[in-house]
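Student: Please take me through one buried polar side chain and its surroundings in detail. I should then like to see how that part compares with other places in the chain.

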Amino acid sequence: MAIEIERKFLVTGDGWRAAAHEVVPMAQGYLNDLAAMDTGAMKASVRVRIAGDAAHLNLKSRELGHTRQEFEYPVPVADARALLALSVGGLVDKRRHLVKVGGHLWEVDEFLGDNAGLVVAEIELADAHECFQRPDWLGVEVTDESRYYNLALASHPFSQWSAQQRAGAAAP
């Protein structure tokens, strides 16, 4: 069983841009929606993603927090495009900036389209209690706030958030 241990943070400023060693354009959609997860009708999100010239089908268990089961399988890009057309909710478009800090790889996602203006940084860890260096552009942790999950952003994009939500206040 594949386990993902990932922490997610808001980003402050643009200090990460100069440190990025690679940028990957991404488009992703979900074959199930947030409601199916919230009601318990489905216990995993089903995502299709095209990242650069590669495509994957991904399944993630619905646990809130930093540790989830994750399964990822390569698929032909043509199949991924067809699956994106079947997506529920909107597509999530973003540019992923890869930034190395203190021996760890940070993925800084700069969202586009309906989620433009949102920038989050994610770090994958080998252990939930692993220490890591916090870069100066790292803001508040939002790992436990489901509205920052890409599945939620597909159903309720950043452009539809209230001013209070955009400012980083706790979700109502």
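**A close look at N58**

Tutor: The side chains of N58 and E72 are joined by a polar contact of 3.3 Å. This description rests on a predicted model, not on an experiment. A second polar contact, of 2.8 Å, links the side chain of N58 with the side chain of E70. The residue N58 itself belongs to strand β4, which covers residues 54–61.

Is N58 buried or exposed? Its relative accessibility is 1%, and because residues under 20% count as buried, N58 is classed as buried. The neighbourhood can be described through contacts, leaving aside residues within four places in sequence. On that basis, N58 touches S45, V46 and R47, and it also touches E70, F71 and E72. The two partners of its polar contacts, E70 and E72, are thus both found in that list.

It helps to place this part within the whole chain. The chain contains four helices and nine strands. Read from the N terminus, these elements follow the order β-β-α-β-β-β-α-β-β-β-β-α-α. The radius of gyration is 16 Å, close to the 16 Å given by the globule rule for 172 residues, so the chain is as compact as a globular protein of that length. The C-alpha trace spans about 40 × 35 × 30 Å along its principal axes. Of the 172 residues, 44% count as buried, and N58 is one of the buried residues. Among contacts with a separation of 6 or more, 60% are between residues 24 or more positions apart.

A second buried residue is R147, whose relative accessible area is 10%. R147 lies not in a strand but in the loop between β9 (138–141) and α3 (150–155). The side chain of R147 makes a polar contact of 3.5 Å with the side chain of Y148. In addition, a polar atom of the R147 side chain lies 3.1 Å from the backbone oxygen of Q165.

Strand β2 (residues 20–30) offers a contrast, beginning with V23. V23 has a relative accessibility of 43%, so it counts as partly exposed. Beyond its neighbours within four places in sequence, V23 is in contact with R95, R96 and H97. The C-alpha atoms of V23 and V99 are 9.4 Å apart, although 76 residues separate the two along the chain.

H21 also lies in strand β2, and at 45% relative accessibility it too counts as partly exposed. Setting aside neighbours within four places in sequence, H21 contacts L98, V99, K100 and L105. Its C-alpha atom is 25 Å from that of Y73, which is 52 residues away in sequence.

Finally, consider the surface and the charges. The chain exposes about 8700 Å², and carbon and sulfur atoms supply 54% of that area. There are 17 positive and 24 negative side chains, and the centres of these two sets lie 2 Å apart.

Notes
Residues are numbered from 1 along each chain as its sequence is written. This is a predicted model: local features need pLDDT of at least 70, side-chain atom pairs count only at pLDDT 80 or more; totals for chains, interfaces and linings use all residues. Side-chain values use heavy atoms; hydrogens and water are left out. Helices (H or I, at least four residues) and strands (E, at least two) are DSSP runs, numbered from the N terminus. The radius of gyration is taken over C-alpha atoms; the globule rule is 2.2 Å times the number of residues to the power 0.38. Buried means under 20% relative accessible area, exposed over 50%, partly exposed in between (1.4 Å probe, protein chains only). Contact means heavy atoms within 4.5 Å. Accessible areas come from the Shrake-Rupley method with a 1.4 Å probe; for residues, only the protein chains shown count as cover. Lys and Arg count as positive and Asp and Glu as negative; His and the chain ends are not counted. The place of a charge is taken as NZ of Lys, CZ of Arg, CG of Asp or CD of Glu. A polar contact is a pair of N or O atoms within 3.5 Å; within protein, one must be able to donate a hydrogen and the other to accept it, and residues adjacent in sequence count only if both atoms are side-chain atoms.
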